[in-house]
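Hi,

Here is the structure I promised to pass on. Please have a look at it first, and then read on for what turned up in it.

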Amino acid sequence: MTKDILISAKDLRKTYRRGSEEVRAVDGVSLDIKAGEMTAIIGPSGSGKTTLLNMLGCLDNPTSGTLRVGGELVFGGHRELPEGELTLVRRRFYGYVFQKFYLVPTLTVLENIMLPGTFYRGEGGWNPREVMKLLGIDRREDHLPGELSGGEMQRVAIARALINGPKVLLADEPTGNLDSRRSEEIKEILKGLVSRGVAVLMVTHNLELAKAADRVLEIRDGRMH
Ligand SMILES: Nc1ncnc2c1ncn2[C@@H]1O[C@H](COP(=O)(O)OP(=O)(O)O)[C@@H](O)[C@H]1O
Ligand SMILES: [Mg+2]
């Protein structure tokens with residue numbers, strides 16, 4: 001079965017300087033991300049998972065390597081796209097979900113979800129009410145984040161990440177702040193998105209969540225195993 005390759009990374013590296021020491025946070029990783037596929041990145045703390053995810057999500061520049069998104073060269077030795085075009089790639093291709101939900105506390109659930117749509121409205125974007133229903137937060141529409149449980153906050157964050165119709169949902173430890181029942185709910189939601197053709201790429205410590213993935217990539221000392 002051939003599927004669309006959405007992200008293609010070749011020999012990605014990221015090095016940091018720490019005093020006189022060179023830290024190889026990501027040390028030559030190559031991978032392809034396809035539509036409708038769930039990929040989990042696992043590995044010990046400090047192994048480079050977040051750095052890799054941020055590079056694959058165009059949030060961080062590699063030190064070297066090649067990154068293509070939707071066939072377009074984003075990075076190939078140096079940044080290929082000006083910031084404005086990179087912003088468009090981020091908005092067109094990605095939804096981002098983080099362990100800390102980063103909701104705006106003074107905006108209601110609906111307003112938080114609609115926020116990215118005020119900057120950009122792509123084709124294939126979701127209807128806010130439809131996405132709230134899918135995530136089971138439609139009854140919370142007028143509530144403020146402070147009135148929600150952790151699981152609900154994460155579902156709002158996922159709804160917000162989906163509003164522009166991303167092809168790839170990137171999630172860094174999406175269940176990191178949730179108990180097992182809430183984690184299970186998030187797992188089912190992510191599986192539902194994958195069945196609708198969204199590629200889910202996540203870093204997780206949650207073995208149940210990793211088991212739901214089509215592919216598990218283990219990273220240690222910046223290398224894939
Ligand atoms: N901005 C940074 N400056 C210097 N070192 C960093 C920076 N970000 C990450 N690192 C280092 O890179 C390595 C990988 O970090 P990270 O990608 O956050 O790992 P993980 O997400 O697997 O815990 C660690 O040694 C970390 O200390
Ligand atoms: Mg991390």
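Alanine 171 is a good place to begin: this residue sits in strand β7. Please keep in mind that the model is predicted. Alanine 171 has a relative accessible area of 1%, so it counts as buried. Leaving out residues up to four places away in sequence, alanine 171 touches Leu53, Val97, Leu201, Met202 and Val203. Along the chain, alanine 171 and glycine 57 are 114 residues apart, yet their C-alpha atoms are separated by 9.9 Å.

Strand β7 also leads into the interior of the protein. Which elements give two or more residues to the largest nonpolar core? That core has 35 residues, and those with the most contacts inside it are Ile113, Ile158, Leu169, Leu190 and Leu193. The elements that supply two or more residues to this core are β3 (38-42), α3 (109-119), α4 (128-134), α5 (150-162), β7 (168-172), α6 (180-195), β8 (199-203) and α7 (207-211). The largest share comes from α5, with 6 residues. In soluble globular proteins, nonpolar side chains tend to be buried together.

To get a feel for the core, try clicking on isoleucine 113. Setting aside residues up to four places away in sequence, isoleucine 113 touches Val131, Met132, Ile137, Val156, Ala159, Arg160 and Ile163. Apart from this core lies another one, of 31 residues, with Val26, Leu67, Val89 and Tyr94 among them.

Next, the ligand. Which residues are found around ligand 1? They are Tyr16, Arg18, Val23, Ala25, Pro44, Ser45, Gly46, Ser47, Gly48, Lys49, Thr50 and Thr51. By class, this shell has 4 nonpolar, 6 polar and 2 charged residues. Three elements each supply at least two residues of the shell, namely β1 (5-18), β2 (21-34) and α1 (49-56). Of the elements, α1 gives the most, with 3 residues.

Some of the polar contacts are worth a look:

- Arginine 18 has a polar side-chain atom 2.9 Å from an oxygen atom of ligand 1.
- Glycine 46 places a backbone N or O atom 2.7 Å from an oxygen atom of ligand 1.
- Glycine 48 has a polar backbone atom 3.1 Å from an oxygen atom of ligand 1.

Taken alone, ligand 1 exposes 560 Å², and the protein buries 63% of that.

Helix α1 deserves a closer look too. The helix is mostly covered, with 6 of its 8 residues buried. Those buried residues of α1 are Lys49, Thr51, Leu52, Leu53, Met55 and Leu56. Lys49 and Thr51 are also among the residues around ligand 1, while Leu53 is one of the residues that alanine 171 touches.

After α1 comes cysteine 58, in the loop between α1 and β4 (64-69). Its phi is near 60 degrees, a positive value in a residue other than glycine. Most residues other than glycine have a negative phi, and most peptide bonds are trans. Is cysteine 58 buried or exposed? At 4% relative accessibility, cysteine 58 counts as buried, because the cut-off for that is under 20%.

Glutamate 173 also has a positive phi, near 50 degrees. This residue is found in the loop between β7 and α6. With a relative accessibility of 16%, glutamate 173 counts as buried.

Threonine 108, in the loop between β6 (94-98) and α3, is buried as well, with a relative accessible area of 16%. Beyond its neighbours within four places in sequence, threonine 108 is in contact with Glu141, Asp142, His143 and Leu144.

Finally, two residues with more of their surface uncovered. Leucine 88, in helix α2 (residues 83-93), counts as partly exposed at 42% relative accessibility. Leucine 88 and lysine 100 are 12 residues apart in sequence and 24 Å apart in space, C-alpha to C-alpha. Lysine 133, in helix α4, is exposed, with a relative accessible area of 61%. The C-alpha atoms of lysine 133 and valine 203 are separated by 26 Å, with their places 70 residues apart along the chain.

Enjoy exploring it, and best wishes!

Methods
Residues are numbered from 1 along each chain as its sequence is written. Chains are lettered from A and ligands numbered from 1 in the order in which they are written. This is a predicted model: local features need pLDDT of at least 70, side-chain atom pairs count only at pLDDT 80 or more; totals for chains, interfaces and linings use all residues. Side-chain values use heavy atoms; hydrogens and water are left out. A residue is near a molecule or strand if one of its heavy atoms lies within 4 Å of it. A polar contact is a pair of N or O atoms within 3.5 Å; within protein, one must be able to donate a hydrogen and the other to accept it, and residues adjacent in sequence count only if both atoms are side-chain atoms. Accessible areas come from the Shrake-Rupley method with a 1.4 Å probe; for residues, only the protein chains shown count as cover. Helices (H or I, at least four residues) and strands (E, at least two) are DSSP runs, numbered from the N terminus. Ala, Val, Leu, Ile, Met, Phe, Trp, Tyr, Cys and Pro count as nonpolar, Asp, Glu, Lys and Arg as charged, and the others, Gly among them, as polar. Buried means under 20% relative accessible area, exposed over 50%, partly exposed in between (1.4 Å probe, protein chains only). A nonpolar core is a set of buried Ala, Val, Leu, Ile, Met, Phe, Trp, Tyr and Cys residues joined through side-chain atoms within 4.5 Å. Contact means heavy atoms within 4.5 Å.
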